[in-house]
Structure formats: structure tokens, C-alpha cells
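Student: Please give me a close look at one part of this model. Go residue by residue, and keep it brisk.

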Amino acid sequence: MSNDTPIQYGEVTATYFWDDGSGINGDTGAPASGEPMQEGLFSSPSWPLGTEGYIVYEGEEYEFFIGDRGPGEPSHDCDVLLDIDGKTFAKMMGTEFDESSLTVGGGNGHAEVEYYITEWGDGAGTEGAPHPFMQEGNSCEDAVSPIPEEAQAEEEQDTSEDEESQDQESEESSDEGSDEQAAQEEEESSEEAAAPTEESDDSGVSAETAANDLSGAELTGADSGMLSGTGLLTLALVPAILVAVLFVWSRRAAGAHAGAADNDGKGLMAESNGRHSLGSLLDKLRGRK
């Protein structure tokens, strides 16, 4: 809260209170805002309920919000214009707050403080200079002063630091995005370089297609060679086959005719007498001459 920009500043005399509805030590009842009594809940005779800010006492800051009305009669001459909760007041005085008697030890019940309003509340009350309790037409103008330059300078510095931090985060995010993009582009380039490419000539035939065509042509040539060799082998074997056929035929011609029987009834198995041999045939031919 102390880092918020002050919208009003002043110096006032303050006292303390603790109204929790117990009725102890002049307790007038629960806070008017409906919020439970607590540390940091201050009371003002006129500022809107819910107003936020902080006070400075002997160089120390203490945050507050307005949650109740008071002081009553001590504010009538603009003498005491702020009530501080007993626990915060005890910390300011460097003493203890007595929970049983609702009093602050040390005997000191008043303090001169600087106040800074950082945000007006939306509850009942009047913004600006405080006025005595139940005296709206009697403003205590002396309770408002120009905001110290150091308070404004601190706020501007905090704002500047926040903006610089945001700018730095944006730049870092931008740099990270650029690095990631560059890394991705480099990876894509590496993948493209590693991928096999097909080189094509002017005719549109790729190197891979040409290699496949060449393999097919070589295979066809190899088959043609095998067929040519087989044809030559066949031609070479034809005469040998013919000779073998003639040989078999001549041997058969030298034997018995089918169905011819010898004296033993062996038919084809009978031995030939040679009349049908190739030699007998030649003799007959010579005789005819």
C-alpha cells in the first residue's frame, strides 16, 4: 500500500482505541464498517469508510484502512482527528497492548503522525480535509498539506523501475523467441541438407530414374546374351542328336521285325540273322547294279 501514489497528505494528532463490542474501558461497540476490530483498522471522524493509506511515525510506516468513526469529542476543535487501533499504537510506542484492559502500556495516549491517503473508500464519509465528528461544515483545513516531493519521487522511481522491469522481461521474451526461431530455422536447414536430392538433367529424367533404366537395360542385355548362348548350344547339339537317332535306327533295323517269331517264339527278342543289316542292304544294291 505504501508503494501507491499518495493523493492526500497531512499532519494530525492521533490517539488510540479498540472497539470490539465488549464494552470494556469505554468501548462504544463494534466498528461502523461491519469489519471486525483488527490491527490496521483506524477510525476517522469524516473520511469515507474503506479509505486506505499509511501513517509515518518516527520514520516507520504503518498501513491502515478507515473502518470506524471517531474520535468523537476530541475532534471538535480539530485537535485529534485520527484514532489508531491499540495494537498498531503499541507497536509505534514500542510497548505491549493489554488484551484484558484494551489499553496500551507506557501511559502515552497521543502521537503526532503524518498520514498519506492512497485511495478513497466507497463507504459513507467525505473526501478531502477531515472535519470534526458530526460537524460537516467545519473542515480542518490545516490537517492537509502539499504532498512531500520525496514521496512523489519515490513513487515515480518505483513506477520507473516497474516499467524497466516490464521492458526487460519483454526484451528477454523477444530474445528467447528470436533464438527459438533461429534454432528452428537452423534445424530445418540441416534436415534439408541431410535429405537425399534427385538431380535432373534438361530432359527431366532424374539421376535415380536413369539408374533404374540402366539397370533394366543391363538386365535385358544379360537375358539376351543368355538366350543367344542357348541358341548356339542348341544348334551345336542338333547334329549330335541326329547322329544318335540314326544310330539307334540302324541298330533297330538290324533286328527282327515286330511280330516276327523265331523257332522259340521270342518274337522281338529273337536274335537277328543279319539279313536286314546295313551290310546286306549294300550288297543288294551292288547286285542290282
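Tutor: A disulfide here is a pair of cysteine sulfur atoms within 2.5 Å. The model is predicted. It holds 1 disulfide. The partners are Cys78 and Cys140, with an S to S distance of 1.8 Å. This link joins distant parts of the chain, 62 residues apart. Cys78 sits in the loop between strand 4 (60-68) and strand 5 (80-85). Cys140 sits in the loop between strand 8 (111-119) and helix 2 (149-194). The angle about the S-S bond is -80 degrees, and the link of Cys78 and Cys140 is left-handed.

The two ends have their own exposure classes. Cys78 has 28% relative accessibility, so it counts as partly exposed. Cys140 has 4%, so it counts as buried. The cut-off for buried is under 20%.

Now take strand 8 itself, and begin with the rings. The whole structure has 7 aromatic pairs. One of them is Tyr9 with Tyr116. Their centres lie 4.8 Å apart, and the planes meet at 45 degrees, a tilted pair. Tyr9 belongs to strand 1 (residues 8-17) and Tyr116 to strand 8, so this pair ties together parts 107 residues apart in sequence. Tyr9 and Tyr116 are both buried.

Tyr116 also pairs with Tyr54. Here the centres are 4.7 Å apart and the planes are at 10 degrees, so the pair is stacked. Stacked requires planes under 30 degrees apart. Tyr54 lies in strand 3 (residues 52-57), so its pair with Tyr116 of strand 8 ties together parts that are 62 residues apart in sequence. Tyr54 is buried, as is Tyr116. Through ring pairs, Tyr9, Tyr54 and Tyr116 form a cluster.

The backbone pairing involves these strands too. Strand 1 and strand 8 run antiparallel and share 7 bridges. Across from Val12 stands Val113 of strand 8. Thr13 stands opposite Glu112, also in strand 8. Strand 3 runs antiparallel to strand 8 as well, with 5 bridges joining them. In that pairing, Ile55 stands opposite Tyr115 of strand 8. So strand 8 is joined by bridges to strand 1 and to strand 3, and the ring cluster has Tyr9 in strand 1, Tyr54 in strand 3 and Tyr116 in strand 8.

Strand 1 has a further partner. It runs parallel to strand 5, and 5 bridges join the two. Thr13 has Val80 of strand 5 as its bridge partner. Thr13 therefore has partners in two strands, Val80 in strand 5 and Glu112 in strand 8. Of the 10 residues of strand 1, 8 are buried, so this strand is largely enclosed by the rest of the structure.

One loop residue completes the tour. Ser46 is placed in the loop between strand 2 (41-43) and strand 3. With a relative accessible area of 2%, Ser46 is buried. Its side chain reaches the backbone nitrogen of His131 at 3.0 Å. Neighbours within four places in sequence aside, Ser46 is in contact with Arg69, Gly125, Thr126, Ala129, Pro130 and His131.

Key
Residues numbered from 1 in each chain as written. Predicted model: local features only at pLDDT ≥ 70, side-chain atom pairs only at ≥ 80, totals over all residues. Heavy atoms only, no water. Helix = DSSP H or I, 4+ residues; strand = E, 2+ residues; numbered from the N terminus. Buried < 20%, exposed > 50% of the residue type's maximum accessible area, 1.4 Å probe, protein only. Phe/Tyr/Trp six-rings, centres within 6.5 Å; stacked < 30°, edge-to-face > 60°. Pairing = 2+ DSSP bridges. Polar contact = N/O pair within 3.5 Å; in protein donor to acceptor, adjacent residues only side chain to side chain. Contact = heavy atoms within 4.5 Å.
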